Amino acid sequence: MPDEMSIPTLPAPPHASTPTAGPAPKRSPLMLAALGLLIIGIAMGWLLGPQHQHLSDATAGDQALAERTRMLLDNDNGLRGQVVAEFTANGGNWAGLGSAGADLDGPAPTDQTVFELGSITKTFTASLYQQAIEKGEVKPEDRLEQYVPELAGSPAGGVSLESLAQHTSGLPSVTPQTGAESLLPGITNENLYAGTTMARELERAKATPLSKAGTSQYSNLGISLLGHAMARAADAPDWQTLVQQRVLDPMGMSHTTFAATEDDVPAGAAVGHLYNGLRAPRWIGEFYLPAGTSTFTTAADLTRWGQALLAGTAPGSAAMDPTFDAGEGNRIGRVWNVTAGPEGKEFTWHNGGTGGFRTQLVLDRRAGRGQLILSNTTRWVDAQAFRMAASDDDQLSPVPPTKGENPIPGWITYGIAALLVLSAVWTAFRGKHRLAMVGSLLIGLGALALAWAGGPWDVVGGWAYGILLGAMIIATVQAVRRWPSVPVRPKKWWGLAIASLVLSVLITVALFTFF
C-alpha cells in the first residue's frame, strides 16, 4: 500500500495571533463613582431622612392591656406613642405604648402625659349647650343672632342653636377666608389657626353663606359659634371660663387646659408628629377653641369624663341622646355621634385630630364600657378604637382590621418625585447648556421636598428617600463636572431656555411649599 499522504503545516499569516486569556475589562470609573454616590445618598436617607414610625417595645401601666392593644393592631405603621384606656363607670385600666417624645425610643407615655385632644373637646361644648337648655338659659329653636348680635341679619345669625349642635346648619367647616388662608400653612407645616381672633372670625362668619342646610355637614365653625353663644347666654367672660366652671371643676379634671396663645401650652406636653416623622406644629388660636383646636389633657382626665358619661352623672350627659338621623345606621346627638356596631352593639363616640395628634373616645352605653386612645401622630386611630370597643377580652372583633393609612397616594407622590429626579440626572449627563442643567437640578431639589412631605413613609423608611437623594447627588456632581465644557445657553432659542429656567424656579418654589 502506498504510504499515507502527509499534509504540510502552513505558516500562520503575519497578522494572526494565538488568543490568550487577558485581564477582565475594568469598570468605568464614572460608573463606580456614581454607585458610590448612590450608596452615600441611601445611607444619608437612612440616617437623616423620613422616619418609618412605629410603636417601640416600651410600655407603661397595665401590661395585659398593652399586649392586647398590640394584638388588636394588624400593624403599627405610622404610630409613635399611645395611651389607651378601658373603663366602666366604676373603674378602668390604662396602658402606654411607644414614645410620646421627640425620640422614637423614649419612655412610654402614662395616664398623666399631656396630649392634644382635638375635636373630642366638642363634647365639652355639647355639655355647655345641654346644661344651658336645662337651666332655661337657651332653647334649641333659638336663633344664633339672639346671643351673637354681631351676626344679626346674616345667614349664620339665622340658624338655630340645635342645628349647630347637630352639624346641620349648613355652615362650612371654617369660614371661606380662613380655609383659603390655611392652605399654605397646612402644606408648610405651620399653625393653621394663627390670627383667628374673635373679632376677625365673627366678621367673616357674617359673610359666610349656607350650603345644604338640614343635612349632616361637619362644621368647626358651627360648634365654635355655639360655644361662644353659650358663654354669652351664661354671662361668662369667654368659653374657656365657662367650661372650667361647668365641666372641668365639677369633674375634677385639673389637667385639662386650653391654649389661646403659645404661652398657654403646658410644659412637657407630648410632641406631635406628621407621618414622615417631622414634628408637627401646635394649632393655637382663640376663636376655634370650642371646636378643639388647642385643648390639652391627660388620659386620666378623659377617663374620668368617660366614666361620668357612662354613669349619667357628667354635666349635660343627656347631650349624647340622638336627635337627628343621618342615615346608614348613623345618628347624631348634640355633637355626639351614635353608630350601630357589630352584633347589635351601639357606639356613642367622638374623635379628634390636630396637627400631629389623633384621638378617639368610644362609649358602649348598653354594656357600660368605654375606650379611649390618645396618639401623637397623624395616623387615624378610629378603626383601632372601634375594634377595641367591639372586642370582648382577648377575642378579636369582627370589625375590619386596623391596617392604617392607604399607602397608594404616598407611592404616587414618590413616583412623581422619582420621575423629576431622573429628569435631573438625564439632563446632568446629556444637557446641552448650563441653563437646562440648572433648571433641571432646581426641579430635582423641589422633588426631594415633595417626596419628604408626601411619600409613603408610614410603610417604608428613609432608605427609599435616600435613593432619590443619591440620584440627586449624582446629578449635581455630574453637572459640576460638565460645567466648563458646555455653553451657558443654546445658540438658538435662548429666550425659550431662559423662560424654561424661570418656570423651573417657579415649580421648585411650589414643590418646596410641601416641605
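Let me begin with a small sheet in this predicted model, an open one in which 3 strands follow the order β4-β6-β5, with antiparallel pairing. The strands β4 and β5, the latter covering residues 257-258, stand at the edges and have a single partner strand each, so one side of each is left without a neighbour in the sheet. If you look at how β5 meets strand β6, which covers residues 295-297, you will find that the two pair in the antiparallel sense over 2 bridges, and that T257 has F296 in β6 as its bridge partner. For anyone new to these terms, strands of a sheet pair through backbone hydrogen bonds, either parallel or antiparallel.

Now let us turn to the other sheet, which is also described as open, and in which 9 strands are arranged in the order β1-β3-β2-β12-β11-β10-β9-β8-β7, again with antiparallel pairing. Which strands are found at its edges? They are β1, at residues 59-61, and β7, at residues 324-327, each of which pairs on one side only. From one strand to the next, the twist of this sheet averages 20°.

I would like to walk through this sheet from the β1 side, taking the strand pairs in turn. Strand β1 is joined to strand β3, residues 92-98, by 3 bridges, and the two run antiparallel; here G61 has A95 in β3 as its bridge partner. Strand β3 is then joined to β2 by 7 bridges, once more antiparallel, and in this pairing V84 stands opposite A95, the residue of β3 that we have just met as the partner of G61. The connection between β2 and β3 is a hairpin, with 4 residues between the two strands.

On we go to β2, residues 81-87, and strand β12, residues 369-375, which run antiparallel and are joined by 6 bridges. A good place to find this pairing on the screen is F87, whose bridge partner in β12 is G370. What packs on the sheet here, and which strands does it touch? It is helix α11, residues 382-390, which touches β2, β10, β11 and β12, and whose direction makes about 155° with that of β12.

Further along come two hairpins that share strand β9. Strand β8, residues 330-332, and strand β9, residues 337-340, pair in the antiparallel sense over 3 bridges, and N330 has T339 in β9 as its bridge partner. This hairpin has 4 residues between the strands, and V335 in it takes a positive phi near 85°. Strand β9 is in turn joined to β10 by 4 bridges, with the two running antiparallel, and V338 finds its bridge partner in T348 of β10. Between β9 and β10 there are 5 residues, which complete a hairpin, and E343 in the turn has a positive phi of about 55°.

Let me move from strands to aromatic rings. A pair of aromatic rings is described by the distance of the centres and the angle of the planes. In this model the count comes to 12 aromatic pairs, and I have chosen one of them to look at with you. Why is the pair of F115 and F357 called edge-to-face? The ring centres are 6.0 Å apart and the planes stand at 85°, and the cut-off for this class is an angle over 60 degrees, so the pair is edge-to-face. The pair also links distant parts of the chain, because F115 lies in strand β4 and F357 in the loop between β10 and β11, with 242 residues separating them.

Finally, a word about empty space, which we can find because rolling a probe the size of a water molecule over the atoms shows where it is left. The largest pocket in the model has a volume of about 380 Å³. Its lining is made up of 20 residues, and those nearest the centre are G186, I187, N189, L274 and A453. Two or more lining residues come from each of α6, at residues 183-187, and α13, at residues 434-454, and it is α13 that gives the largest share, with 4 residues. Sorted by class, the lining has 13 nonpolar, 6 polar and 1 charged residues.

Terms used. Residues numbered from 1 in each chain as written. Predicted model: local features only at pLDDT ≥ 70, side-chain atom pairs only at ≥ 80, totals over all residues. Heavy atoms only, no water. 1 Å grid on protein atoms, 1.4 Å probe; cavity = no way out; pocket = protein on both sides within 12 Å on 5 of 7 lines; lining within 4 Å. Points joined across faces, edges and corners; volume = space filled by probe spheres on them. Nonpolar A, V, L, I, M, F, W, Y, C, P; charged D, E, K, R; others polar. Pairing = 2+ DSSP bridges. Axes fitted to C-alpha atoms, helices over the stretch in contact; angles between N-to-C directions. Contact = heavy atoms within 4.5 Å. Phe/Tyr/Trp six-rings, centres within 6.5 Å; stacked < 30°, edge-to-face > 60°.
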